[in-house]
Amino acid sequence: MSDLRGRLRGLVHDLAEGERSRLNPRYVYGRLNDWGRRVVDARVWESRLLRQVAGALCVVLAVLIVIVPFDLTEQLLFSAVFLVVSLYLRRFVGTLVTLLLIGLSMLASTRYLYWRFTETLTVESSLDLFLGTGLLLAEVYAWLVLMIGFVQTIWPLRRKPVPMPDDVSTWPSVAILIPSYNEPLSVVRPTVMAALAQDWPRDRLKVYILDDGRREEFREFAELVGVTHITRDNNRHAKAGNINQALPKTEGELVAIFDCDHIPNRSFLQMTVGQFLVDPKLAMVQTPHHFLSPDPFERNLGVFRAMPNEGALFYGLVQDGNDLWNATFFCGSCAILRRDMLLEVGGIAVETVTEDAHTALKLHRRGYNTAYIGITQAAGLATESLSAHVGQRIRWARGMAQIFRIDNPLLGPGLNLAQRLCYINAMLHFFYGLPRLVFLTSPLAYFFFEAHIIAAPSVLIAAYALPHLIHANIANSRMQGKHRHSFWAEVYETALAWYIFVPTTLAVINPKLGTFNVTAKGGVVERDYFDWKIATPYVALLALNLIGLIVGLGRLFIWNTHEAGTVILNLLWTIYNLMMLGATLGVAFETRQIRRSWRVRSRLPAMVQLPNGRTIACETEDYSEGGVALALGREMALPLGTEVTLTLYRGDRAYPFPVKVVYSKGEALRLQFHELSLDDYRALVAATFSRGDAWQEWLPQEETDRPLRGLAEIFKFSIEGMRRFAESALLAWRLRQARPRFKELM
C-alpha cells in the first residue's frame with residue numbers, strides 16, 4: 001500500500017512539474033515533433049539495407065491494410081488514425097513527407113475500391129445492377145487516373161538549362177517556323193519580330209512564316225522584315241501538313257516551332273539548345289505555354305492572375321513529372337526539335353488531330369529522348385470564349401482517343417513501363433466525360449427510382465468513401481497546390497464532360513470520324529451575354545439536380561424516413577453537384593472583352609522627356625502594343641494629347657518612342673504610341689515582349705493551397721453563377737413575352 005501511495009505522489013509531482021513533465025501534453029507533443037523530424041530526415045534512409053527492409057514491410061503492410069475486413073467501429077477507428085497521421089505529416093516540408101501522404105492516399109483509395117468490389121455488389125433489381133455497375137466503373141476510372149497520376153508526378157525533375165559554350169562557332173543552325181492559317185497580321189507580327197530578336201548568331205538563324213492562308217499582305221510583310229514566306233496549294237492535314245510541307249524548304253539542324261500568337265523571349269534558343277549539345281539522342285525540348293490574356297474561366301469568373309489557370313497544372317507539374325520518366329510531350333508550340341530525328345519519324349504526325357503528342361510518342365518509340373524546361377520562354381493568347389475553349393478541348397480529346405485507338409502506348413515497341421503509364425494517363429484523362437456525368441447524376445437514381453446503387457448502409461459508405469476522398473484531396477493539394485486550387489478540376493470537367501463524351505467515344509469506334517477545327521485567336525467579345533447554346537447541358541443537369549434536391553427533402557421528411565442516412569448522403573452529394581454546376585454556369589456568362597492588345601504588368605526602367613526638354617526617370621506599370629502605363633514617383637499633371645518621348649531600356653540599350661498623353665492624374669501617367677515605323681515596332685518588341693525576363697513578374701505568386709478555401713471559392717462562384725443564370729433566364733423570358741407585342745407594333 002505504501003508503494004502505491006508513493007507512486008501516486010510521484011504522479012502528482014510529475015503533473016505539477018509543468019512543461020517539463022513527461023505526462024504534460026505539451027511535453028508529449030514536443031517529443032512527437034522531434035521524433036517526426038528525425039523520421040523525415042533523409043539521412044536516416046541512406047542505408048540501402050534499411051530501405052529494402054522498409055520497402056518489403058511496407059508492401060506487406062499495404063496489402064493487409066487494403067484487404068483486412070473491419071466492422072463499422074473498426075473502420076471508423078482506422079480512418080481516424082489515418083487522418084490524424086496525414087494531418088500531422090502535412091505540417092512538414094520535404095519530398096519524403098509528400099511520398100508518405102501519397103502512400104496514405106493510395107491505401108485509403110485502394111481499400112475503398114476493394115471494399116466496393118467485395119462488399120457492395122449485392123443487388124435487388126436489374127436497375128440497381130445497371131446503375132450500380134455504371135457508378136462502380138466510373139469509380140474504377142477515377143481510381144486509375146489517381147494512381148497513375150501519382151506515379152507520373154511523384155518526383156518532378158525540375159530540369160535546369162544547359163549553358164551554351166563560349167565558342168559561338170559550335171552553335172547549331174536553327175530554323176524558326178511560325179505556322180498561320182486565318183489569324184490577322186496584327187497577331188502574327190510580334191511573334192515574327194520576337195523570333196528575329198533571338199540572341200543567336202544571324203548566320204545560324206532563319207525565320208519562316210508558313211502561311212496556309214496564302215495572303216498577299218503576309219508575303220509583303222515577310223519581304224519587308226527579311227523572313228521567308230512559304231505557302232502551299234492545299235491545306236491537307238492542317239497545321240501538321242503545313243509544317244511537313246515546309247520542312248524540305250527550310251534550313252537548320254534544329255527546328256523551333258511557335259504558334260503564330262506565341263511571342264518568344266529573346267533567350268528561348270539559349271535556354272533550350274544547350275540540352276542538344278550534351279545529349280546526342282535528344283529529339284525535342286518543350287517549354288511551357290503561357291498566356292497573357294485570360295481564358296474563359298479566368299475572364300468570366302474574374303480570377304485572372306488571382307489563381308492558377310487550367311493549363312498551369314500540366315505545365316507546372318505534369319510535364320516536369322513526365323520529364324523524370326523521359327516522357328515529355330510535344331505540345332505543338334514553344335518547342336525545338338532535332339530535324340533529322342523529326343524527319344526519321346515522318347515529320348509531324350498526321351494520323352490524328354493531336355499531332356503534337358502523337359509526334360512525341362513516335363520519337364519515344366524510336367528510343368529518342370525528350371526534355372522539359374519549366375521556365376516560361378514565350379507567351380500567347382488564350383481562347384476568347386467558352387465555345388472556342390470547348391471546341392479546342394474537343395479536338396484534343398478526340399485526338400487523344402484516336403491515338404489510344406490506333407497507336408495505343410500500352411502496346412507496340414519502344415516504350416518502357418513508365419513512359420507507357422505517362423502516355424496512357426494523358427489519354428485516360430480525356431475519357432472523363434462519361435464518368436463525370438455519372439457522378440453528376442448518381443444520387444438522382446435513389447431520389448427518382450429508389451435505386452440502391454451501393455448495397456451498404458449509408459454510415460458504412462461514409463466510413464469507407466470519406467477517407468478515400470479526404471486523403472486524395474490532401475495528397476493532391478500537397479502536390480498540385482501551387483498549380484491548381486482544390487476542387488477546380490471538377491469545375492473544368494463539369495464544363496467539358498458533355499462535349500467530350502461523344503467525340504472520344506466515336507473516335508474509339510472509328511478514328512476517322514470528325515474534322516479538324518482551328519482555334520481562333522485575337523478575337524473580341526463585344527458585349528456581356530449568357531451563352532445559352534453552350535450552357536444547355538449545364539442547365540439540364542442543374543434542373544435535374546434541383547428536382548432531385550426537392551424530392552430528396554421530401555423523402556427525408558415525408559416518406560422513406562426509415563432511410564434517413566441514405567437520403568442525407570445523397571442530398572449532400574446533390575448539393576456538391578449543384579455547386580459545380582453553378583460555377584460552370586458562371587463560366588457560360590461571357591463578359592465583355594474588346595481589348596485586342598493585352599497589357600503586360602511589368603516594372604521596367606523608363607524615362608519621359610517633356611516638350612521643354614525636362615526628363616523624368618520612372619518605371620512602367622504595364623505595357624502593350626498600344627501604349628504604356630507609368631508610375632512617375634511624383635505627382636504631375638500633363639495636358640491630354642501632349643506629345644512626349646518615352647525611352648525604354650534593355651540592359652545598356654535605350655529605345656526612344658514618340659508618344660502622347662492619354663491619362664494623367666497624380667503619379668499615374670498613360671501614354672499612347674504614335675503610328676510606329678517598322679524600326680520602332682521592332683524596337684518595341686525588343687524592349688518589352690521579347691525580354692528574357694518578360695514573363696517572370698507576370699506569373700501569379702505561388703501560395704499554399706488549402707482545400708477548404710478551395711471549396712469556399714467554388715461555393716462563392718456557384719452562387720454568383722446561379723444569380724447570373726437567373727437574371728439571364730428572366731431577361732430571355734421578358735424578351736419572349738415582348739416579341740408578339742413588338743410584331744403588332746411593326
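This passage walks through a predicted model, starting with a sheet and moving on to helices, salt bridges and a surface patch.

At the heart of this description sits an open sheet built from 7 strands. Read across, the strands come in the order β3-β2-β1-β4-β7-β6-β8, and their pairing is mixed. The edges belong to β3 (228–230) and β8 (369–372), each of which has a pairing partner on one side only. On average, neighbouring strands in this sheet are turned by 20° against each other, if direction is ignored. Over at the β8 edge, the partner is β6, which covers residues 282–286; the two strands run in the parallel sense and share 4 bridges. Within this pair, L282 stands opposite N369 of β8.

Helices come next. Helix α8, made of residues 216–225, lies across three strands of the model, namely β1 (174–180), β2 (205–211) and β3. Its direction makes an angle of about 170° with β2. Helix α15 takes in residues 355–365 and is mostly covered, with 11 of its 11 residues buried. The buried set includes charged-looking names such as E355, D356, K362 and R365, alongside A357, A360, L361 and L363. Just past the end of α15 comes G367, and there the backbone takes a positive phi of about 90°.

Now for the charged pairs. Side chains of opposite charge can pair when their charged atoms come close. Across the whole structure, a search turns up 23 salt bridges. One of them brings the story back to helix α8, where R219 pairs with E223 and the closest N and O atoms are 3.1 Å apart. Both residues belong to that helix and sit 4 residues apart, about one turn. An α-helix has 3.6 residues a turn, so residues three or four places apart point the same way. How covered are these two partners? R219 counts as partly exposed because its relative accessibility is 33%, while E223, at 59% relative accessible area, is exposed.

A second salt bridge joins R299 to E590, with 2.5 Å between the closest N and O atoms. This pair ties together distant parts of the chain: R299 is in helix α12 (residues 296–301) and E590 is in strand β11 (residues 589–590), a separation of 291 residues. Here R299 is buried, its relative accessible area being 11%, and E590 counts as buried because its relative accessibility is 0%.

Another link of the long-range kind runs between R393 and E310, whose closest N and O atoms are 2.9 Å apart. R393 belongs to helix α16 (residues 386–406), whereas E310 lies in the loop between α12 and α13 (312–324), and 83 residues separate the two. Both R393 and E310 are buried. Elsewhere, salt bridges with shared partners join E720, R723, R724 and E727 into one network.

Finally, the surface has a nonpolar side to show. V59, V60, V63, L64, I67, V68 and Y114 form a nonpolar patch there, and their accessible area together is about 560 Å². Which helix gives the most to the nonpolar patch? The answer is α3, spanning residues 48–67, with 5 residues. V60 is one of the patch members, and this valine lies in helix α3.

Conventions. Residues are numbered from 1 along each chain as its sequence is written. This is a predicted model: local features need pLDDT of at least 70, side-chain atom pairs count only at pLDDT 80 or more; totals for chains, interfaces and linings use all residues. Side-chain values use heavy atoms; hydrogens and water are left out. Two strands pair if DSSP finds at least two bridges between them. Axes are lines fitted to C-alpha atoms, for helices over the stretch in contact, and angles run from 0 to 180 degrees between N-to-C directions. Contact means heavy atoms within 4.5 Å. Buried means under 20% relative accessible area, exposed over 50%, partly exposed in between (1.4 Å probe, protein chains only). A salt bridge is a side-chain nitrogen of Lys or Arg within 4 Å of a carboxyl oxygen of Asp or Glu. Patches are made of residues with over 30% relative accessible area and no salt bridge: like charges are joined within 9 Å, nonpolar side chains (Val, Leu, Ile, Met, Phe, Trp, Tyr) within 5 Å. Accessible areas come from the Shrake-Rupley method with a 1.4 Å probe; for residues, only the protein chains shown count as cover.
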